[in-house]
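Open the model in your viewer and keep the selection tool at hand. The stops below run from sheet to sheet, then to rings and single residues.

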Amino acid sequence: MVNIARLGFLIPPGNPNTEGEVIKMARLEFSLHFTRMVAHGETGSLDGQDERNQTQIDHLPENIELLKLVKPAVIAMAHTASSYTLGKEGEAKLIQKLEDQYAVPFITAFGSVVKALNHLKVKKIAFGTPYSEQNTLRCKHLLEAYGFEIVSFGNLPGVKNIYDETTQRALELVRQVNSPAAQAIFVSGVGMPTIDILAQGEAETGKPVISSIAATMWNALQAAKVSSSIEQFGSLLSGKH
């Protein structure tokens, strides 16, 4: 029997979309394992997002204790906005602390995006979010802290709950923020379904389009040392770049 890498994902409690998207990307070279994080209030709402983010961060040790029982090769926190709450230095300290404590590679959705953009060798970025204006600006400032130049950005209008958004709306967001000056487009937000529109977004814009969950899967495979080409969901996962 061949041992395959086990990829662990921490998912916000109210998120109905991410497991399905991750499972769509499954291949024979690895297995997928999930644990729900802890948050209270109306999950997916733009109101109270900071408080829910912090609750999830505070409860990470107990979530990791559960997920590490399956002996994963990597644990991924599939929630982009937690990084906006932590900031660059706070996230780096948290990752170091968790990896020292549990001896398992720990990656974040936003950290995966940064790694993916660097892998693509792009600096001029357009990005869009389904968040509030405040958290969209936090995304901008954090990307800039990592050395990227933001040439266009925006947030999706009319969002009531991130988890109610659709792939069509995600594609509209790509079109909304696209700019001739951008070398790549980033769609933030793991809770909004995105992977089915990445290839179309690339075909329309002529440039790489990555989303938080696509970058997280790509980075998880890198961390777990799994060589696997995942087609249909954009050039990053297919290995075109």
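Two strands count as paired if DSSP finds at least two bridges between them. With that rule in mind, select A5: this residue stands opposite F30 in β2. Bear in mind throughout that the model is predicted.

**Stop 1: the sheet around β1**

Stay with the pair you just opened. Strand β1 covers residues 5-11, and seven bridges join it to β2 in the parallel sense. Now pick R6. Its bridge partner in β2 is S31.

Widen the selection to the whole sheet. It is open, has four strands and reads β2-β1-β3-β4, with parallel pairing. Which strands lie at the edges? They are β2 (30-36) and β4 (106-108), each of which pairs on one side only. From one strand to the next, the twist averages 25 degrees.

Next, select residues 81-102. This is helix α4, which packs on the sheet and touches β3 (74-77) and β4. Compare directions: that of α4 makes about 170 degrees with that of β4.

Before leaving, add residues 18-24. They form helix α1, and β1, α1 and β2 together make a β-α-β unit. Right-handed or left-handed? The unit is right-handed.

**Stop 2: the sheet around β5**

Move to the other set of strands. Here four strands form an open sheet in the order β6-β5-β7-β8, and the pairing is parallel. The edges are β6 and β8 (209-211), each pairing on one side only. The twist averages 20 degrees from one strand to the next.

Zoom in on β5 and β7. Strand β7 spans residues 184-187 and pairs with β5 in the parallel sense over four bridges. Select I125 to find one position in register: its bridge partner in β7 is A184.

Then show α7. This helix lies across β5, β6, β7 and β8. It runs at about 135 degrees to β6.

**Stop 3: the aromatic cluster**

Return to helix α4 and show ring atoms. A pair of aromatic rings is described by the distance of the centres and the angle of the planes. Rings count as paired if their centres lie within 6.5 Å, and planes over 60 degrees apart count as edge-to-face. The count comes to five aromatic pairs.

Select Y84 and F110. Their ring centres are 5.5 Å apart and their planes stand at 80 degrees, so the pair is edge-to-face. Y84 sits in helix α4 and F110 in helix α5 (residues 109-119), 26 residues apart, so the pair links distant parts of the chain. Buried or exposed? Both Y84 and F110 are buried.

Keep Y84 and swap F110 for Y131. The centres of Y84 and Y131 are 5.8 Å apart, with planes at 75 degrees, so this pair is edge-to-face. Y131 lies in the loop between β5 (124-129) and α6 (133-145), while Y84 is in α4, so the pair ties together parts that are 47 residues apart in sequence.

Check accessibility too. Residues under 20% relative accessible area count as buried. Y84 has 7% and is therefore buried. Y131, at 3%, counts as buried as well.

Now add Y146 to the selection. Ring pairs link Y84, F110, Y131 and Y146 into a cluster.

**Stop 4: E165**

Select E165, found in the loop between β6 (149-155) and α7 (167-177). Buried or exposed? E165 is buried, with a relative accessible area of 10%.

Draw a distance to R169. A polar contact of 2.6 Å joins the side chains of E165 and R169. Then show what else surrounds the residue. Leaving aside neighbours within four places in sequence, E165 is in contact with L156, V159, K160, M192 and P193.

**Stop 5: two lysines with positive phi**

Go to K71, in the loop between α3 (60-67) and β3. Its phi is near 60 degrees, a positive value in a residue other than glycine. K71 counts as exposed, at 68% relative accessibility.

Finish at K225, in the loop between α9 (212-223) and α10 (235-238). K225 has a positive phi of about 60 degrees, although it is not a glycine. With a relative accessible area of 75%, K225 is exposed.

Conventions:
Residues are numbered from 1 along each chain as its sequence is written. This is a predicted model: local features need pLDDT of at least 70, side-chain atom pairs count only at pLDDT 80 or more; totals for chains, interfaces and linings use all residues. Side-chain values use heavy atoms; hydrogens and water are left out. Buried means under 20% relative accessible area, exposed over 50%, partly exposed in between (1.4 Å probe, protein chains only). A polar contact is a pair of N or O atoms within 3.5 Å; within protein, one must be able to donate a hydrogen and the other to accept it, and residues adjacent in sequence count only if both atoms are side-chain atoms. Contact means heavy atoms within 4.5 Å. Axes are lines fitted to C-alpha atoms, for helices over the stretch in contact, and angles run from 0 to 180 degrees between N-to-C directions. A crossover is right-handed if, with the strands pointing away from the viewer, the path from the first strand over the helix to the second runs clockwise. Rings of Phe, Tyr and Trp (its six-membered ring) pair if their centres lie within 6.5 Å; planes under 30 degrees apart count as stacked, over 60 as edge-to-face and the rest as tilted.
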